Amino acid sequence: MIEFEDLSFRYRRGEGPALKNVNLRIDDGEFVVVAGASRSGKTTLCRCINGLIPHFYGGTMEGRVRVQGLDTRFTSPSRLALKVGMVFQDPENQMVTTEVSSEVAFGLENIALPRDVMGRRIVEALDAVEAQPLRYRRIDELSGGEKQKIALASVLAFQPEIIVLDEPTSELDPVSAEEILHILERLNSELGLTIILVEQRLERVLSYADRLILMEGGEVAADGHPRRVLMEAELPRLGVRMPPVSALTKRMGLPIALTVKEARLLIDRAGVKPKPSGNPISTGPPGDAGNQRRCMALLEDVYYSYPGGAQALKGVSITVYEGELLTVMGRTGCGKTTLLKHLNGLLKPSRGRVIVDGLDTRRVDQGTLARLSGYLFQNPNLHLLADTVEEEIALTLRSRGLKGDELRKALEETLERFGIAHLRDRYPRYLSGGERQWIAFASVAAGDPKLLLLDEPTRGMDELLKSRLVGYVKEFTGRGGTAVMATHDVELAASAADRIILLSDGEVVASGERRSILSKALFFSPQMNRLFTSLSDRGFPPDVLTLDEALKVIS
Amino acid sequence: MENPFQTHRILDGGPFQGLSSPLKVLWTLTVVGLALLVEDLPPLLVMLAFIMLDVAAAGMTGAWLRSMKYMGPMLGLVVLVNSLLSGVGSRILFASPWRIPILGRLTLTVESLTLSLIMALRLLLTLTAFLIFTLASSPDDVLSALSFMRIPPKTMVASYLSLRLIPTLMEDLKGISEVMRSRGLYGGGEEGHLLERVRGSASMIVPLLSNSLERAIQLAEAMEARAFGAVKKRSTYRVVEWGLKEKSYLASFTVGGLLLALGSHMGAAHPGRLWLSTAVSLLLFIPPILNPGWRR
C-alpha cells in the first residue's frame, strides 16, 4: 500500500511547489493511471514513491509518503528499489550497459545477489516481458519498444510489488505501445503487481485501469474510477483529452464507455441508428490523383543508405502539394525521419532526386534550404541552443537577416503569437518536456518558412499544447504554407492530416487521403474508426475517424 | 563520413577478441607501458611490426587504415615539431638560413630526427593498442574486467560510463550540428569558411555540455532507482575466465615486458639488443594471435 499524507514538495530551484497537500492511498494490486497537463506534478508524484524525492533531488518536503509501511524520508531509494521499480520515459537514458542480459543483471549486481539467483531472475524477468529472444542482443540494436521492454525487465528482476512508469509509451509507435501496455495488464492481473502509470493518451490505457488520478498544479484534481472521473472532471481545462469513444457516449447521454467494445454495446442497447441521409462525411481530396495544387516538394525514386548501415529508403516517390499537411506514419525505424531530412537537404539521396520548391537538393547549399524550410527535430533538447527563450527565437530571426528594430518587433510579435512572452527570460531546459517542444516549434515557425517539417512534434505535449500546435499548423497550411509531419499519434493524424503516407521498412506501403489510410487499419486507426468499423453491419459508415464526424452520422 | 567513435562497433571473430576481458586490459596496459619505457628506435620498430600482426589477426587492418586518417596528421605533427624544434644533436642534416621569431633557426639533426621518430612510434603503438582493445571489447567487457580487478564500484562504473557514453556524445554532436544547419546557423560547424566553421563548432559546445549533464542526471536517477550504491561489494553476473591459459598469458606478458624493458637499457651498440626485443615481442604479441580454443 502507498500512502501520501499531506505531501507538499518544492524543488530546490522551483518557482513554486511541485506538489501541494497531496493525500492519496493506493492499495496493493491496483492499476492506477495518472494524467494531467505539463507541470501538473505527475512525474514528481512518481519520484516520491521510490524515494528519489527527497533523497536524490533534495528540495523541501512536508508531509510524508509510506510505501509498504516504509517512510520514504528515512528509507533510501536503493532499499525502496526492492519494493518499487521505476521505468522512465526515455528508454535511452536509463540503459546503463550495452547488452541485454548485463542490463537486467545491473540492478541485481547492485544488491549483491549470487550469480545463480541472478541467472534465474534474468530469465524470469525477460520471460515476463516476452523478451527472452533478446537476451544476448546488444542494446543499441534494439527498437524503442524493445528497449522499453528491457527497462521493464530490469526492474521486474528485483521482484518488486509496485511498478511506477512515467509515460513509458510516449516515444513508441502504436504497435510497440500496445505490447508494453498488454504486458503491464498481465503483470497486474496475473501477478497482482500494483501499477502506477503516467500516460497522456487515455484511450490507450483506460481499459486496463482501476483508477484514474488527474493532477493540476501539483494537486489531485480528480481521483476515482475512470468512468466517474471522465463523467465529472473538466478534462479540457486539465489538459487531458477524453478518449474519443468516451466523449461520444458522454455526448449521446449514455453511460461513459472506456473501450470500443463497451461503446458498441451501449450504442446497440440504446438502439441508436445511423442518420437516414446517407454518409454525410466529406471525403476530401482523393490523394495524389486529381490534385490540382502546385507541387511544393517531390521525391522521385529515392534510395538512401546510412554509411555502413542498411537501406533506410527504398525507391520512395512522393509529391507534397502546396497548402497541405502531409502526415508520414509507420513503426519506429521505418524511415520517417530519414524522409524528412531529405526534404531539407540534411541528407542527399544515394539514388533518385529530391526537389523542394523547384530546387534540386543536391545542387543547392544547406543555407538556401534552411531559409526555405523549418525543421522541428524529434528531440527538443538538441534543438534548444540558447540560454533564454527569447534568445532562442532571436537566433532564428537573425538567421533570416533581421536586425535592430525590425528584429525586436518580430521577436515581440512571435513571443505573443506563441503565448510564450511570460517565459522569455527562462532557461529553456528548465521547462517541462512539452513546453520545450513548444519553444522549439516556435523557434522553427518564427522563420516563417514555406515548408514546415515536423518530426514527432507533439512528443511530451499535453492536450492544451497539442491543440495549439494543430491550430497553428492548420492556420499555416490555410494561408498557403506546406507541412510534412512524422507522427505515431493516430488520433492527431485522424483529426489534422490532409493526406497520409504509411512507410514500412523504407518503402511507401500506402498513400492517400487520410480516410482511406486510417479506416479499417489494425493498429494505425483511431479509436473512433475501430468503433464504427465494428458498427458497419448496423448501417453506420465504416470510415468515421473523429468525434465530430461520429456525431454527424448518428441520428 | 564514417566516424570510428560513432558506435561501439565490435569486430567479432578474431583470436584477440576471444581473450578474457582482464587479459585484454592487461595486454593493452603492458603495450602502452612498454611503448613509454623503451627509448630506442629498433625495439620500437620490432614492436610495431609485431603489433601489426595482431591487427591483421584480429581482422582490424581496414579499421586501422581508416583510423590513420585521424592518427596520421597527429603523427606527422609530432615528427615535425620534435625534429625541427627539439634542438638536440650535433650531426646536422639541415639548417634554415633564416631565423623565425621566438623559435630561432630551424635545425634538423640525425638525433632530433631519431627522437621524433621514437616519439611518433610510441604514440602509434599506444593508439594501435587502444584501437585493438576498443574494437575487441564492449564496455561490458571493461566493466567485468574492472570488477575482476577489484576496482571500487563507484570508480569502476564512472570509468565504464565515460567509455559507454562516447557514442551517445557523438550522436548528440551530430544532432546539434544538424539542428544548426537546418536553422541556418554557422553551417553547423561543417559548412562555410574557416571562421564560420570555428564559430559553428564553438557554439555547439554549450548545448552539447547541457545535454550531457542532463543525460548524466537522468542516468544517475535510473541507477539510483536500481539500487546502485546499496552495497559496498557488488556481485558480478558475467563469468570472467581466469584459468591456466589466462595465467600463462599473464606470465608471458610480464616476462616479455620485463625483458624488453631491460633490453632497452643494454645500450644502443649492444649486438644482442635487436634479437632480444624480437624474442620478447614474440612473448607479448604472438600469444593473442594463437589463443588456443578461442573459437569455442
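**Exercise 1. Compare the end-to-end span of helix H18 (residues 463-478) of chain A with the expected span.**

Solution. This is a predicted model; local features need pLDDT of at least 70, side-chain atom pairs count only at pLDDT 80 or more, and totals for chains, interfaces and linings use all residues. Helices here are DSSP runs of H or I with at least four residues, strands are E runs of at least two, and both are numbered from the N terminus. The expected span is 1.5 Å times one less than the number of residues. H18(A) has 16 residues, so it should span 22 Å. Its end C-alpha atoms are 22 Å apart, which agrees.

**Exercise 2. Which residues of H18(A) are buried, and what covers them?**

Solution. Buried means under 20% relative accessible area, exposed over 50%, partly exposed in between (1.4 Å probe, protein chains only). The buried residues are A:Leu465, A:Lys466, A:Leu469, A:Val470, A:Tyr472, A:Val473, A:Phe476 and A:Thr477. They cover an arc of only 160° around the axis, so they lie on the same side of H18(A). That arc is taken from the directions from the helix axis to the C-beta atoms. An α-helix has 3.6 residues a turn, so residues three or four places apart point the same way. The cover includes strand E13 (325-329), helix H16 (404-417) and helix H17 (433-445) of chain A. Strand E17 (451-455), strand E18 (482-486) and helix H19 (490-496) are also among the covering elements.

**Exercise 3. Describe what caps and what follows H18(A).**

Solution. Start at the N-terminal end. A:Asp462 caps it: a side-chain oxygen lies 3.1 Å from the backbone nitrogen of A:Leu464. Now go past the helix. A:Gly480 follows H18(A), with a positive phi near 100°.

**Exercise 4. Place A:Lys20 in its surroundings.**

Solution. A:Lys20 lies in strand E2 (residues 19-26) of chain A. Its relative accessibility is 31%, so it counts as partly exposed. Contact means heavy atoms within 4.5 Å. Beyond four places in sequence, A:Lys20 contacts A:Leu7, A:Ser8, A:Gly217, A:Gly218 and A:Glu219. A:Glu219 is also among the contacts of A:Leu214.

**Exercise 5. Where is confidence lowest and highest in chain B?**

Solution. pLDDT is the predictor's confidence in each residue, from 0 to 100. Chain B averages 81, and 88% of the residues score at least 70. Confidence is lowest in helix H12 (residues 287-290) of chain B, at a mean of 72. It is highest in helix H4 (residues 110-136) of chain B, at 91. Over residues 1-7 of chain B, pLDDT stays under 50. Where pLDDT is low, the predicted coordinates should not be read in detail.

Residues are numbered from 1 along each chain as its sequence is written.

Definitions and conventions: Chains are lettered from A and ligands numbered from 1 in the order in which they are written. Side-chain values use heavy atoms; hydrogens and water are left out. A polar contact is a pair of N or O atoms within 3.5 Å; within protein, one must be able to donate a hydrogen and the other to accept it, and residues adjacent in sequence count only if both atoms are side-chain atoms.
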